[in-house]
Amino acid sequence: MSDLPQKNDYGEEVQRRNAPPQEIDPESGVKRGLKTRHLSMMALAGIIGPGLLVGSGGALASGGPASLLIGFGVIGIIAFSIMQSLGEITTLYPSGGAFTTLADRFVDKAFGVAVGWNYFIIWAAVLANEYNTVSAIFVFWSNKVPLWGYFLIFWFFFLAFQLLGVEIFGEAEFWLALLKLSGLVAYFFFSIIYAAGGLKGQDGALGFRYWHNPGAFADGFRGVAKVFVFCSTFYAGVESVAVAATETRNPRRAVPLAIRQVFWRIIFIYMGSAFFFGLTCPANAEGLIKGGSKALKSPMTIAIQNAGWEGGVHLINAFIFATCLSAVNSSIYIGSRTILFMAQDGKAPKFLGFTDKRGVPVYAIIFTNLFGALSMMNINTGAGAAYGYIVNLSGVSTFLVWGAISFIHIRFRRAWALQGRSVNSLPFKSFFYPYNAYFGLIANIFLAFVQGWTTLSPFNAGNFVDAYILLPLFPIIYFGYKFVYKTTYWNLNDIDLDSGRRADLDAQIEAEDLSGSEEVLEGPKAPLWKRLARNF
């Protein structure tokens with residue numbers, strides 16, 4: 001065999017089969033331990049947990065079943081747009097920091113700082129809500145242990161688990177994701193049987209009874225607007241595959257597959273949950289997330305109770321608790337990697353950029369997990385009010401980060417064209433560009449500004465501040481950092497389009513993938529059944 005370096009279709013060196021794989025990323029120090037199946041399951045069901053299974057009760061109570069479907073559908077279309085943009089740039093540049101680092105390259109370092117801190121705020125808020133929910137579940141089972149006691153038990157458990165390393169995390173996520181998908185499928189079958197009147201002792205078919213009483217819309221268009229904020233929090237995490245790309249063995253193969261699976265996640269998990277939750281649980285049910293509730297109940301729990309199976313309540317809570325193991329782990333993982341890469345780029349305190357010899361970012365994990373203590377506002381406000389406060393904080397940041405991803409993609413494509421590069425050389429091409437990217441940018445900016453409009457009439461100062469306090473944070477960080485450090489807003493001709501691209505560790509897998517990639521090579525498309533199989 002020749003000693004000359006082997007190159008792939010992009011002119012990049014590919015490791016020969018007998019070359020030792022570089023499992024520790026030389027730039028970030030993290031371990032490339034996530035397999036393709038790990039990333040695929042993270043994309044399909046990774047962050048799904050009590051946020052969706054319990055938090056959707058708040059959306060249902062605020063807007064009704066029709067609003068729930070509309071909210072999930074509209075935000076789902078936007079999420080699909082964002083993932084198409086993210087898939088194109090992340091597959092080409094699977095660098096540490098994902099879109100926060102790419103914001104430096106294609107826009108301005110100050111822009112990357114603003115995006116990074118807003119993204120970290122999202123995961124600090126999501127993590128706090130996951131702890132809030134899991135603590136509320138255990139209070140429902142037994143109030144003999146104080147709330148803070150449950151929190152401390154879980155806090156140390158999840159911290160210890162995260163410190164085991166990314167391979168253990170990936171394997172756990174894979175099996176827990178399978179459990180979550182199985183549980184949802186089982187509930188969907190139950191809902192169909194329940195709605196059709198097929199349960200033993202059931203008094204007639206349920207049908208669409210709750211769409212008529214208490215009604216399809218709980219608060220008209222105001223209810224629909226409230227649901228948007230909830231749904232943005234539920235969808236937060238679809239972009240996490242970009243954060244995990246650096247720790248993936250074969251990003252050129254794994255990331256496009258994971259991006260494609262987000263479509264099925266939107267259709268099956270989000271739209272399916274919205275439909276069946278609204279079908280089997282009334283929007284005015286006691287126990288759904290409302291301002292005065294001290295404990296939280298999932299629409300699944302209420303549906304099981306209304307069906308007459310009291311013992312099933314504990315089964316549902318056990319299922320939700322199992323999803324917490326995955327959701328809290330995912331939140332800590334994404335938050336810690338975000339702050340790790342920011343620290344290594346000089347956007348956060350330097351000590352947070354440390355990784356040990358196993359590739360574990362110890363200090364970043366501890367720092368991120370500390371934000372779970374925000375859930376302790378539960379003690380004074382009740383779980384329902386605490387959930388609402390934290391959702392409002394994270395909702396606007398989600399829209400800002402998603403809009404930033406679309407803008408980064410637009411800047412990348414304009415630079416790519418201006419510098420004479422061919423679109424056909426991209427390993428993953430965004431669907432329906434440029435319309436998809438501009439739609440994502442405009443829709444997210446619009447929703448960031450209007451998501452809290454319901455607080456204006458009647459005006460509620462506390463809720464208004466909660467809904468909009470993070471909106472000015474983005475420009476404050478951007479202009480503040482730019483003023484202090486005199487950063488450059490890049491000219492399209494000066495943007496670096498070459499550094500940060502790397503080959504997959506498993507060179508043979510990459511070669512097989514590239515040889516049949518319809519995104520790279522021209523030729524007839526694969527049969528429909530093959531494309532569907534690849535997506536699953």
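Which residues is Tyr235 in contact with, leaving aside its neighbours within four places in sequence? In this predicted model, the contacts of Tyr235 outside that window are Phe72, Ile75, Gly76, Ala79, Ile266, Tyr270 and Trp402. Tyr235 also belongs to the largest nonpolar core, which has 138 residues. Within that core, Tyr235, Phe99 and Tyr131 touch the most other members. Helix H6, spanning residues 109–141, gives the most to this core, contributing 14 residues. Another core lies apart from it and consists of 11 residues, including Ile339, Phe341, Met342 and Ala348.

For the chain as a whole, 22 helices and 2 strands were assigned. Of its 536 residues, 60% count as buried. Among contacts between residues at least 6 apart in sequence, 81% join residues that are at least 24 apart.

Two helix pairs were examined. The first pair is H6 and helix H14 (residues 312–344), which pack with their axes 9 Å apart and at an angle of about 155 degrees. Angles over 145 degrees count as roughly antiparallel, and H6 and H14 are therefore roughly antiparallel to each other. The crossing of H6 past H14 is left-handed. The contact of H6 with H14 is made up of 24 nonpolar residues, 6 polar residues and 1 charged residue.

The second pair is helix H3 (residues 55–63) and helix H10 (residues 220–235), with an angle of about 170 degrees between them and axes 8 Å apart. By the same cut-off of 145 degrees, H3 and H10 are therefore roughly antiparallel to each other. On the H3 side, the residues that meet H10 are Gly55, Ser56, Gly58, Ala59, Ser62 and Gly63. Their counterparts in H10 are Gly223, Lys226, Val227, Phe230 and Phe234. By residue class, the contact of H3 with H10 divides into 4 nonpolar, 6 polar and 1 charged.

Leu52 was also examined. This residue lies in helix H2, which covers residues 50–53. The relative accessibility of Leu52 is 3%, under the 20% cut-off, so Leu52 counts as buried. Beyond its neighbours within four places in sequence, Leu52 is in contact with Phe72, Phe234, Ile269, Tyr270, Ser273 and Phe277. Of these, Phe72 and Tyr270 are also in contact with Tyr235, and Phe234 is one of the H10 residues that meet H3. Leu52 and Cys231 are 179 residues apart in sequence, with a C-alpha to C-alpha separation of 8.6 Å in space.

Terms used: Residues numbered from 1 in each chain as written. Predicted model: local features only at pLDDT ≥ 70, side-chain atom pairs only at ≥ 80, totals over all residues. Heavy atoms only, no water. Core = buried A, V, L, I, M, F, W, Y, C linked by side-chain atoms within 4.5 Å. Buried < 20%, exposed > 50% of the residue type's maximum accessible area, 1.4 Å probe, protein only. Helix = DSSP H or I, 4+ residues; strand = E, 2+ residues; numbered from the N terminus. Contact = heavy atoms within 4.5 Å. Axes fitted to C-alpha atoms, helices over the stretch in contact; angles between N-to-C directions. Parallel < 35°, antiparallel > 145°, perpendicular 65-115°, else oblique. Left-handed = near helix turned anticlockwise from the far one by under 90°. Nonpolar A, V, L, I, M, F, W, Y, C, P; charged D, E, K, R; others polar.
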